[in-house]
Amino acid sequence: VSLLITNTMYRREEFDRVLKSIANDPHKPDVQLGWYNLGAEGMAELLVALQATPGKITRLGLQSNGIGDEGAHMVAEYLKTDPPIEYLDLYLNKITGTGAIEIAEALKVNTKLGNINFQSNPIGMVGIKALADALIVNTTLKSLGLYETDTTDEHMRVLVDALMANTSLTEIRIDQNPLTDVTGQALLDLLRCNPTITQINQGGTKMSPAMLEQIQTLLKDPQRAAWAAGEADTKPACEIPLAHKE
């Protein structure tokens with residue numbers, strides 16, 4: 001069951017119907033409350049409904065609801081209860097580094113979430129650092145969306161450091177960020193050391209065409225696939241620059 005609400009205004013009656021459907025649907029609904037302007041108040045009501053139906057909801061879309069850091073705190077507390085949510089979309093919600101820190105702390109104990117999207121949220125270095133720290137211990141997250149978050153080369157260095165030994169993340173989405181070949185080289189180093197990552201979306205960055213081609217070529221290297229599957233006799237060369245060991 002998919003519940004998609006894409007209104008530009010908060011409409012109480014429709015939101016009430018969504019809350020009732022969450023309570024009454026015997027299946028596992030895919031709840032998509034995109035562009036509904038819930039704010040922190042609506043977020044609180046939604047979480048009450050979700051917590052009353054344990055084991056039902058696996059996908060939650062909260063695109064462009066202006067929940068801010070207050071709403072992010074609520075989401076984090078919910079994630080700490082380890083609900084069955086596997087997909088969480090937080091696109092365009094005015095979440096800063098403060099909110100990202102709280103969600104990152106939740107990721108350290110959550111064992112269900114596999115895909116989280118921070119697209120178009122200004123989480124900054126403090127947010128990236130917190131997510132990097134979480135990825136050192138998290139073993140279930142498979143996809144991280146940082147599309148259009150003003151992520152810089154400096155931010156990516158921190159993230160790459162954390163991902164060197166991560167064994168669960170397979171996809172990184174860093175499109176539309178001011179990233180240069182400095183990040184490109186860091187990603188090449190990462191791919192040579194971590195065979196788990198199979199997809200990197202970097203469209204709309206400032207990386208050169210040659211660098212983009214190198215990254216995609218390495219991603220498709222059959223040796224990496226064999227290594228990831230435990231079928232390779234020897235592991236590819238893994239040379240981590242000193243810059244990534246500090």
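D150 counts as exposed, at 56% relative accessibility. I start there since D150 also has an unusual entry in my notes on the backbone. Phi of D150 is near 60 degrees, which is a positive value in a residue other than glycine. On the chain, D150 is found in the loop between β6, residues 143–145, and α6, residues 153–163. Before going on, please keep in mind that this is a predicted model.

A second residue belongs beside D150. Phi of W35 is near 55 degrees, again a positive value in a residue other than glycine. W35 sits in the loop between β2 and α2. Is W35 buried, partly exposed or exposed? At 39% relative accessibility, W35 counts as partly exposed. The cut-off for exposed is over 50%, and buried means under 20%, so the 39% of W35 puts this residue in the class between them.

Let me stay in that loop, since several items meet there. L33 is found in the loop between β2 and α2 as well. L33 counts as buried, with 0% relative accessibility. L33 and L60 are 27 residues apart in sequence, and their C-alpha atoms are 7.7 Å apart in space.

L33 also has a polar partner. Which atom of L33 does the side chain of N65 reach? The side chain of N65 reaches the backbone oxygen of L33, at 2.6 Å. A polar atom of the N65 side chain also lies 3.2 Å from the backbone oxygen of L62. N65 itself is in the loop between β3, residues 59–61, and α3. Its relative accessible area is 0%, so N65 is buried.

Still in the loop between β2 and α2, we come to Y36, and with it to the aromatic rings. The structure holds two aromatic pairs. One of them is formed by F15 and Y36, and this pair is tilted, with 5.9 Å centre to centre and 50 degrees between the planes. Where do the two partners of this pair lie on the chain? F15 is in helix α1, residues 12–24, while Y36 is in the loop between β2, residues 30–32, and α2, residues 39–51. The two are 21 residues apart, and the pair links distant parts of the chain. Both F15 and Y36 are buried.

One more ring deserves a mention. R59 lies over the face of Y87, at 4.0 Å from the ring centre.

Helix α1, where F15 lies, is also the place of N24. Here the surroundings read differently on paper: N24 is exposed, with a relative accessible area of 62%. The C-alpha atoms of N24 and T53 are separated by 9.1 Å, and these residues are 29 apart along the chain.

Next, the empty space inside. How many cavities of 30 Å³ or more does the structure hold? The structure holds one. The largest cavity has a volume of about 30 Å³. Lining the largest cavity are L47, L60, V75, Y78, L79, I85 and L88. You will recognise L60 from the list, as the residue whose C-alpha atom is 7.7 Å from that of L33. Which element gives the most to the lining of the largest cavity? Helix α3, residues 68–80, gives the most, with three residues. By class, the lining has seven nonpolar residues, no polar residues and no charged residues.

Two items remain, and they concern other parts of the chain. R173 lies in strand β7, residues 171–173. R173 has a relative accessible area of 17%. Buried means under 20%, and therefore R173 is buried, at 17%. With which residue does the side chain of R173 make a polar contact? The partner is the side chain of N115, and the distance of that contact is 3.2 Å.

The other item is N138, in the loop between α5, residues 124–137, and β6. N138 is buried because its relative accessible area is 5%. N138 and L113 are 25 residues apart along the chain, and 9.9 Å separates their C-alpha atoms.

To close, a short recap. In the loop between β2 and α2, L33 is buried at 0% relative accessibility, W35 is partly exposed, and Y36 pairs with F15. D150, where I began, is exposed.

Notes
Residues are numbered from 1 along each chain as its sequence is written. This is a predicted model: local features need pLDDT of at least 70, side-chain atom pairs count only at pLDDT 80 or more; totals for chains, interfaces and linings use all residues. Side-chain values use heavy atoms; hydrogens and water are left out. Rings of Phe, Tyr and Trp (its six-membered ring) pair if their centres lie within 6.5 Å; planes under 30 degrees apart count as stacked, over 60 as edge-to-face and the rest as tilted. Helices (H or I, at least four residues) and strands (E, at least two) are DSSP runs, numbered from the N terminus. Buried means under 20% relative accessible area, exposed over 50%, partly exposed in between (1.4 Å probe, protein chains only). A charge sits over a ring if NZ of Lys or CZ of Arg is within 6 Å of the ring centre and within 35 degrees of the ring normal. On a 1 Å grid over the protein atoms alone, a cavity is a set of points where a 1.4 Å probe fits but cannot get out, and a pocket is an open set with protein on both sides within 12 Å along at least five of seven lines; lining residues have an atom within 4 Å of a point. Grid points are joined across faces, edges and corners, and a volume is the space filled by probe spheres set on the points. Ala, Val, Leu, Ile, Met, Phe, Trp, Tyr, Cys and Pro count as nonpolar, Asp, Glu, Lys and Arg as charged, and the others, Gly among them, as polar. A polar contact is a pair of N or O atoms within 3.5 Å; within protein, one must be able to donate a hydrogen and the other to accept it, and residues adjacent in sequence count only if both atoms are side-chain atoms.
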